[in-house]
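Open the model in your viewer and keep the selection tool ready. The tour moves from one stop to the next, with something to select at each.

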Amino acid sequence: MKSATVWSFVFAVALAVHADGLTRSIALYVPPGMADSLLFGDTVSMHHSLAVAGVPWQQCGNLDSACRSAVVVCPAKWTDQGLTQAQLDSLQAYVGGGGVLVGFWVRNAEAMPLFGVQSGAYSSRRYRIEWDTAAHDAALQWIDDPHEQIIRLGDSSKTEIFGTLGYAPGVSATALARFDDGSAAVVAHATGAGCTYALGFTARNIIAVNQIHWGYGASIAYSNDFEPTSDVFMLFFRGIYQKHIRHAVWKHTTPGGKAAALMVTHDVDSRSSVDTMAAFAQMEASRGVRAHYFVTTHHYRDPPRIGALYDDRAIAECRSAIALGHSIGSHSVGHFPDFGTSHFPVGAPGNTRENYRPLCPVDSTSGGTVYGELEVSRAILEEDLGTRVRSFRSGHMAWPAALPEVMQKTGYLFNSSRSACDVLTNFPFFMQKGTTILGKRLRVLEIPMTISDVLKEETFDSTTYVQAVQVWGDVLRRNADNGAPTVLLIHPNRMVKVAAEQLLLDATNTDIETLGFDEFGAFWNDRSVCVFSDKLAGDSTLTIRLHSAINPATRLCFACDGVPMGGTVKVRDASGAILETQQAQWRNMTLISLGHRLPIRNAGRPRQQRMEIQIRGGRMWLSGLPAHKTPVDIRLYNLQGVLVYHAAAIDPTIPQILDTRHLPAEVFVATIRLDNQYMRMTVNSHR
Ligand SMILES: [Zn+2]
């Protein structure tokens, strides 16, 4: 009886308050009195989640303002001390009138009925969440991969991990996800004209804690595995928005109307990498791929561990790579094995090529500092190569506690020293100062490494590479299905890896775009600061309004849910002018992209891109040889480096079909001499 009275009152208020409709946005409601240090981790986790989701959102400290948005998310725990009765009444009115409310840790006896929850039981021994995708709830539309449907929260051999609240849903509510003990982890409750979602965990434990790699043991591989644990929650928040907003619009996570981005990165940290990086750079340029070379600038001898690998030859190779359109980042000065340990000093600024020369005879460095490694490597590369260095990857992916802060102070923008499998996310995130979730967010963006040539149990060679590339392609495809980027790491030290990279690029769909690492970082930064709102007129006429200026080279892209390709979507800039857009289709969405990609800086691509060698049925065809050239010399090497074929003095002025019956069906590296120039390419021999 009492509740019936409350509900009729709520409904009347709701009609009055929401008569003129709710704005198409999410309000993150953080009451001023609750913005304490513990809530900080939850608030920044929601900032990040909503930023990745790309939906329009703003933080509100005032409940009345928050309740003007179509969705309200309250990151604070709904414990008995949480909200006042007046606040609860407002929220009940809001939901009754059509609002969508997302609450974490719903334990407040008065709030439980609103969330359709009968009880919530605490435990620190729940290790898994399984989403009920069979229910086909639209909020779960992104959770469509087996690895996404069951999420590990921690290692079940641990006596306990972080605490969770397992709900018993009421009869009118639905469990969208359950913990491994069968209790509900996410409860959806349609009530009045609106809907609520009760989550049985805190935002910090599924986002921020994973980013700093606190390690409840949820990660199961180091790299080369699809690891969407944190991503699933960010996509779930977008799914809620899509479910409740007709023709929802969000900032897509990839530029230029493509599904997802692939970034090819190389760590040049050995003499053999310097020797063979040109083969990678040329192959990539011939395919229009901008790769990123993280270079170790060890320019003096420090026997026996590492020689002076950064010498005139290395400088020349890096310059050639830049001329081919590739970019350069720092891979530290010394690649020191103890860089990530607490006894590696932070140091101070003011290090130079001349005064900074740490030594590391075995595994303990003397004279090295975090400042020195970052400052000097960057200065050396910028001075020698005349390029801007904005990105860093540490040797051994080591992570000293001071790394984020020193990176910011020494002028870096992008980092790739974490493995996606470790931090349980494939999306970039702004690093925090120090190693606790209370650390301030910095401007330096971590773009985690996803797939690499470091295999778990095998060496990367001619017998293992095909299988490794299949795994890479699988991870890339599953990430792309979420619009998540994939960062490939290859040490460019053996020719078999050129073949591997080619195989991956060959197998990559056209809806995936290869981007330079810095290029993607710049896109993500521009996307982060872009503020927009949108308006739906009639059934399908959308107008997206940008509230800040954007760089056309960023090729910012919006996704519109359910708007047919060719449907009316206008994008206006801050002054109201209509911008030129291109449309593409992806999943059930239309992608609306702005701007144009800049051409590769050096338009003069290497000549061999026109040349082609095909080996099929025991014959080799050459095409695209420049007719005016002097005789050509071709050698084929197998992936063990053995010369298997040599044709000298071929006349390039007549079409050539050469006998290759003795060659097995495998991959070869061809070296072609044309005048006094050598070019390399990989060739597949087919039966
Ligand atoms: Zn390295």
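Two strands count as paired if DSSP finds at least two bridges between them. Keep in mind that this is a predicted model.

**Stop 1: a four-stranded sheet**

Select β27 and strand β28, residues 589–594. They pair in the antiparallel sense over 6 bridges. Now pick W586. Which residue of β28 is the bridge partner of W586? It is M589.

Widen the selection to the sheet around this pair. This open sheet has 4 strands, in the order β12-β25-β28-β27. The pairing is antiparallel. Go to the edges: β12 covers 249–251 and β27 covers 581–586. Each of these edge strands pairs on one side only. Neighbouring strands of the sheet are turned by 25° against each other on average, direction ignored.

**Stop 2: a three-stranded sheet**

Next, select β23, β24 and β26. They form an open sheet in the order β23-β24-β26, and the pairing is mixed. At the edges lie β23 (532–537) and β26 (569–572), each pairing on one side only. From one strand to the next, the twist averages 15°.

Zoom in on strand β24, residues 541–546. How many bridges join β24 and β26? There are 4, and the two strands pair in the parallel sense. Pick T543 and look across: K570 in β26 stands opposite.

**Stop 3: two packed helices**

Select helix α9 (residues 271–286) and helix α10 (residues 312–323). Their axes come within 10 Å and cross at roughly 20°. Angles under 35 degrees count as roughly parallel, so α9 is roughly parallel to α10. The crossing of α9 past α10 is left-handed.

Show the side chains where they meet. On α9, choose R271, V274, D275, M277, A278 and A281. On α10, choose R313, A314, E317, C318 and A321. Colour this contact by residue type: 7 are nonpolar, 4 are charged and none is polar.

**Stop 4: the zinc ion**

Finally, select the zinc ion. Which residues coordinate the zinc ion? D269 does so through OD, while H331 and H335 each use NE2. The distances run from 2.0 to 2.1 Å. Along the chain, the donors follow the spacing D-x61-H-x3-H.

Trace the chain from D269 to H335. D269 sits in the loop between β13 (260–268) and α9. H335 sits in the loop between β15 (327–330) and α11 (370–385). The pair is 66 residues apart and links distant parts of the chain.

Key: Residues numbered from 1 in each chain as written. Predicted model: local features only at pLDDT ≥ 70, side-chain atom pairs only at ≥ 80, totals over all residues. Heavy atoms only, no water. Axes fitted to C-alpha atoms, helices over the stretch in contact; angles between N-to-C directions. Parallel < 35°, antiparallel > 145°, perpendicular 65-115°, else oblique. Left-handed = near helix turned anticlockwise from the far one by under 90°. Contact = heavy atoms within 4.5 Å. Nonpolar A, V, L, I, M, F, W, Y, C, P; charged D, E, K, R; others polar. Donors = N, O, S within 2.8 Å, 3.2 Å for Na, K, Ca; no water.
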